[in-house]
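Biologist: Please take one part of this structure and go through it closely, starting from a single residue and working outwards. Give the cut-off behind each term as you reach it.

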Amino acid sequence: MENIIKTFLLTDLLKGLWTTFKNQKPSKVVTEQYPLARPPVAERYRGAPRLNNHPETSETLCISCNLCALACPEQLIVVTSERNPETKRKDLTTFTYDVSRCMFCGLCEDACPVDALELTQDFELATFTREGQIWDRQMLEEGPLPVRYTH
Amino acid sequence: MAATTLVPPPVQDDTFLDSNELVLNMGPQHPSTHGVLRVILKLDGETVLGADCVIGYLHRGVEKIAENRTYQQFAPYVDRMDYVAAVSNGLGYCLAVEKLLDVEIPPRAQAVRVILTELNRLASHLLWLGTHALDIGAITPVFLCFREREEVLSIFEKYCGARLTTHAFRIGGLQYETYDTFEKDCLAVCDLMQEKVKEYHDLLTGNRIWVRRTTGVGILNAADCKDYGVTGPVLRAAGVPWDLRKAQPYSGYEKYDFEIPTAKNGDTFDRYIVRMQEMEQSCRIIRQAVESIPEGPIKGKVGKVIKPPPGEAYVSIEAPKGELGYFVVSDGSLNPYRLRVRPPSFVNLGALDKMCRGTLVADVVAIIGTIDIVLGEVDR
């Protein structure tokens, strides 16, 4: 009897349709209109790299210890420095970071002893050229420019 | 051209030789092969006589890469094998290296590891359910599943900063302490899943189309499962209660109370039911683990430079797809001498030919979906 009801009244199919219908409620819509509304990413998000400057003196925090370059699995960080004869310390000259090969694993960030290199919440890293993906020291310090999409 | 040999089935009668056999190439660009799997089907009309898999389109040489990376540096690469269950991959690799190093993992790290791997099991099964149903023709579940999967992925994002290729664990424990609302978020996901699994049952379990498309399709019995070395939900659906979380507990799984869902027939429908029940069991484990996270350190006594003594270690864990094993050989240097992965997807895919024989072409799609393969893991 139950089977006959099920066969002829299509209760099983209607049950599924009702579930589908229940989720149509506007309050249940979860779609994000991405370029118009930017979803906030988590605080710990591993995105674009940034080379931090000292907030007051705006000198670089990097001590050119080369630990990030050694930690990187893809070996995409190149740090060069020269010895300062007065302070007897290494001064950073160039810092190159190839974002196109980066997999954002966060190992460089973990390796940095002075929190100079940091992966930030920026995630829009598209460029028009491959060369644009190789970030120099200036790019790393300033970060990618915010993009406004229009249509 | 890859060397492919099709073994014809045993000839039953003379008329077989006269039938119109057809060789059909399916994939690698086929939406239902879940990536770049190529299957060469031998058909007699609509009936499948044999299926031959051609793999390797996504080969990246991960095992070779391991030989040129230090132990810590290789950890992000394992996430890229089974990318829908990256956390499980990371756990397996870390456990293998930790076995080589013979370090003890603090209980807090173990509990967080269990929570995250079980959350990952939910994410993996949700993705499987959505795409499997989509292959068979039910379009709604994929949207609902991805909505719930998003909740799990946002926990990963808040915890370790990445959603898919998480790199959540480090050798010796964890890198990141849990964030403030971690426990609350995990329990919220469990509550949500309990409710939503009922919704999926409403959509599919009773549905006559779903039942007819899946019942009796792709049967693999217990003996065949053992012959092919099949593990995971496919094995449990055949009635073998084999789960490494129970059989060889790792990372403190022996502390949690859960059941191994099994089924009898070993067909596609049974595998669906087993995975649905596994999601509920995962929620049970997460609840228990969240309520009993101990305080304490999150990283064991591991130096900055990892240099294991010469030797070898094999550790296998129960990944969402089956037994995921890591075999690491160390020669005492900074890099692994050899690293071998036993991927569950690859081994389970071997049984495709056996499962496909005698079914219809449309069922092949259902069978590929039910094995739950990820081509990144098959090809490595």
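Modeller: Helices are DSSP runs of H or I with at least four residues, strands are DSSP runs of E with at least two, and both are numbered from the N terminus. The residue to start from is Thr117(B), which lies in helix H5 (residues 107–136) of chain B. The model is predicted, so local features need pLDDT of at least 70 and side-chain atom pairs count only at pLDDT 80 or more, while totals for chains, interfaces and linings use all residues; side-chain values use heavy atoms, with hydrogens and water left out. Residues are numbered from 1 along each chain as its sequence is written, with chains lettered from A and ligands numbered from 1 in the order in which they are written.

Thr117(B) is buried at a relative accessible area of 3%; buried means under 20%, exposed over 50%, and partly exposed in between, with a 1.4 Å probe and protein chains only. Apart from neighbours within four places in sequence, Thr117(B) is in contact with Val87(B), Ser88(B), Leu91(B), Phe169(B) and Tyr253(B), where contact means heavy atoms within 4.5 Å. With Tyr253(B) there is also a side-chain to side-chain polar contact of 3.5 Å. A polar contact is a pair of N or O atoms within 3.5 Å; within protein, one must be able to donate a hydrogen and the other to accept it, and residues adjacent in sequence count only if both atoms are side-chain atoms. The Thr117(B) side chain also reaches a backbone atom, the oxygen of Arg113(B), at 2.7 Å.

Helix H5 of chain B also holds Arg108(B), whose side chain meets that of Glu177(B) in a salt bridge with N to O at 2.7 Å. A salt bridge requires a side-chain nitrogen of Lys or Arg within 4 Å of a carboxyl oxygen of Asp or Glu. Glu177(B) sits in the loop between strand S5 (173–174) and helix H7 (182–205) of chain B while Arg108(B) is in H5, so the pair ties together parts 69 residues apart in sequence. The two ends differ in cover: Arg108(B) counts as buried at 7% relative accessibility, and Glu177(B) as partly exposed at 35%.

Helix H7 of chain B takes part in a further salt bridge, in which Glu199(B) and Arg147(B) meet at 3.7 Å, N to O. Here Glu199(B) belongs to H7 and Arg147(B) to helix H6 (residues 140–160) of chain B, so parts 52 residues apart in sequence are tied together. Glu199(B) is buried at 9%, and Arg147(B) is buried at 15%.

Another salt bridge in chain B joins Glu63(B) to Arg340(B), with the closest N and O atoms 3.7 Å apart. That pair links distant parts of the chain, with Glu63(B) in helix H2 (residues 62–67), Arg340(B) in strand S8 (residues 336–342), and the two positions 277 residues apart. Glu63(B) is buried, with a relative accessible area of 13%, whereas Arg340(B) is partly exposed at 32%. Elsewhere, Glu118(B), Arg121(B), Arg236(B), Asp243(B), Arg245(B), Glu278(B) and Glu318(B) are linked in a network of salt bridges. Over all chains, the salt bridges come to 33.

Three salt bridges are counted between chain A and chain B. One of them joins the side chains of Asp110(A) and Arg170(B), at 2.7 Å from N to O. The count of residue pairs in polar contact between the two chains is 17, both residues being at pLDDT 80 or more. On the chain A side, helices H1 (2–9), H2 (11–22), H3 (67–71) and H4 (107–111) each supply at least two of the residues that touch chain B, and H2(A) gives the most, with six. In contact are 25 residues of chain A and 31 of chain B. The buried area between the chains is about 2,400 Å², with 46% from carbon and sulfur atoms; such area is the accessible area (1.4 Å probe) that two parts lose on being put together, summed over both. In chain A, the residues losing the most area to chain B are Arg44(A), Arg46(A) and Met103(A), together 27% of what that side buries.
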